[in-house]
Amino acid sequence: MKKIIKTSLGFFTVFTLLVTFSLQQVIAAEKIRWKVQSTFNTGWPALGDPVARLSDTLDRATDGRIKLKVYEPGKILPPLEISPSISKGDLPAAYNYMAYDQGRIPAAVLFAAVPFGMEPWEYAAWWFEGEGAKLANEIYNKQNIQVLLCSTIGPETAGWYRNPITSLDDLKGLKIRFSGLGGMVLNEIGASATLMAGGEIFAALEKGTLDATEYSMPAIDEVLGFHKITKYNLFPGWHQVSTSTHFMINLDLWKKMGAADQALFEMACTAAAMRAITTGEFLQGKQIGTFPSKGVTAARLPDSVLRELQKVSAKVMDEQSAKDADFKKVWESQQAFMKEYDVWQKWGYLPRNF
C-alpha cells in the first residue's frame, strides 16, 4: 500500500508539473492585440515611422503573436487626451510626445525637448545609462503608465519665417507656432507663441493667422509645405536640440506581461529609436540641398541672438523648477549629465569648426 501511495504521489507530482509547465507556455504564448494611438503621422520619417517599425518588428519577431494596430493622429483620441486614456485603461498603449502632457505633468516636457539641451545620442545615453528612464517611470508610474524610449532625433530648424531674423527685436510681436519650453522662451521676449497641430499650420500661415512656424526637421517640414509660403528657414534649432518620443503602455497591462514579452517591447523600442537617429541624420543634408530650387534661403541665427535666447531659456527653466519639484529633479539630473558629457565631448571629438 505504501508503494502504491508513493507511486500515486509521484505520478500526481509529475502531472502537476506538466500542467504547470503547459499553463506557463500558454501564458507565455498569449496573443497581444492592441490599438495604439500615434501622436505623429506614421509616414513621417524618423519622427512618425518608429511606431510603424515597432509594430512590424514585434509582429515578425513573434510570428504574429504580438500585433499592434497603429492609428494615425486623432483617429482615436486627440493628443492631449492620450495619456489620461492610457492611465484609465481605455487605451492600452500609444506612441506619444510627452510635451503634450506638460499641462498636467510639468516635468513631462523635459523628456521630449529642451532649449539648449542634449543632442540625440547624449539624450539616449542619459535615458538608458543615466537617470532618464528611471525618472520618467517614477513620474509616469504614478499615472499608471510605463514609458519606453522609442525615438530620438536631431534638432528641428529654428523655424520658417517670411523675413530674416537678425535680432531679438525681429521676433517681438510675431505670431508664431512654437511648442513646449521654446514657446515659453519666445513669449518671454515678446513674441506670441501658440501650439498648433502639424496639419493645421499650413492653412494658418496661408491665412496670416501665423507669421512664422517651427515644426520639425527639414525633411518633415517639406511634407507640410511651409516652403511654399515662408522662404527663410533658420538654423540651428536652439529650442529642440533633440526631439524624443516614447511608447506608453498601461501599467496594469505591462505588469501582467511575462518578462519575455516585456523584454521584446524594450528591445523593439530601442531598435526603433536607433533607426530614428539614423533615418533623421541620413535625410536632412539632401533636403537642405533642394532649397535653392524652391527659392528657400537657409540662414543661421546670429550668435548674439542665440546667446540672448540662451539667457532667457535659463530664466524660464529656473522659473519652472521653482514651481514643480519633479521638474526641478529631472532638470538637475539633465544638467549634471550634460556637464559630465561636455568633458568627453570636448576631449573626444573633433571641434565643430575643424
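**Cysteines, rings and a helix crossing**

User: How many disulfides does the structure hold?

Analyst: It holds 0 disulfides, a disulfide being a pair of cysteine sulfur atoms within 2.5 Å. Bear in mind that this is a predicted model, where local features need pLDDT of at least 70 and side-chain atom pairs count only at pLDDT 80 or more, while totals for chains, interfaces and linings use all residues. Residues are numbered from 1 along each chain as its sequence is written, and side-chain values use heavy atoms, with hydrogens and water left out.

User: What is the nearest cysteine sulfur to Cys150?

Analyst: That of Cys269, 3.2 Å away, and Cys150 is in no disulfide. Cys269 is in no disulfide either. Cys150 is buried at a relative accessible area of 0%, and Cys269 is buried too, at 1%. (Buried means under 20% relative accessible area, exposed over 50%, partly exposed in between, with a 1.4 Å probe and protein chains only.)

User: How do I read the aromatic pairs, and how many are there?

Analyst: Take the rings of Phe, Tyr and Trp (its six-membered ring): they pair if their centres lie within 6.5 Å, and planes under 30 degrees apart count as stacked, over 60 as edge-to-face and the rest as tilted. By this rule there are 14 aromatic pairs. Try Trp44 and Tyr215: their ring centres are 5.6 Å apart and their planes sit at 80°, so this pair is edge-to-face. Trp44 is in the loop between strand S1 (32-38) and helix H2 (50-61), and Tyr215 in the loop between strand S8 (212-213) and helix H8 (218-224), so the pair ties together parts 171 residues apart in sequence. (Helices, H or I of at least four residues, and strands, E of at least two, are DSSP runs numbered from the N terminus.) Trp44 and Tyr215 are both buried. Elsewhere, Phe111, Tyr123, Trp126 and Trp127 make up one aromatic cluster.

User: At what angle do the axes of helix H11 and helix H12 cross?

Analyst: Axes are lines fitted to C-alpha atoms, for helices over the stretch in contact, with angles from 0 to 180 degrees between N-to-C directions. Those of H11 (residues 303-323) and H12 (residues 325-348) come within 5 Å and cross at roughly 130°. That makes H11 oblique to H12; under 35 degrees is roughly parallel, over 145 roughly antiparallel, 65 to 115 roughly perpendicular and the rest oblique.

User: Which residues meet there?

Analyst: On the H11 side, Met317, Gln320, Ser321 and Lys323 meet Ala325, Phe327, Lys328 and Trp331 in H12, contact meaning heavy atoms within 4.5 Å.
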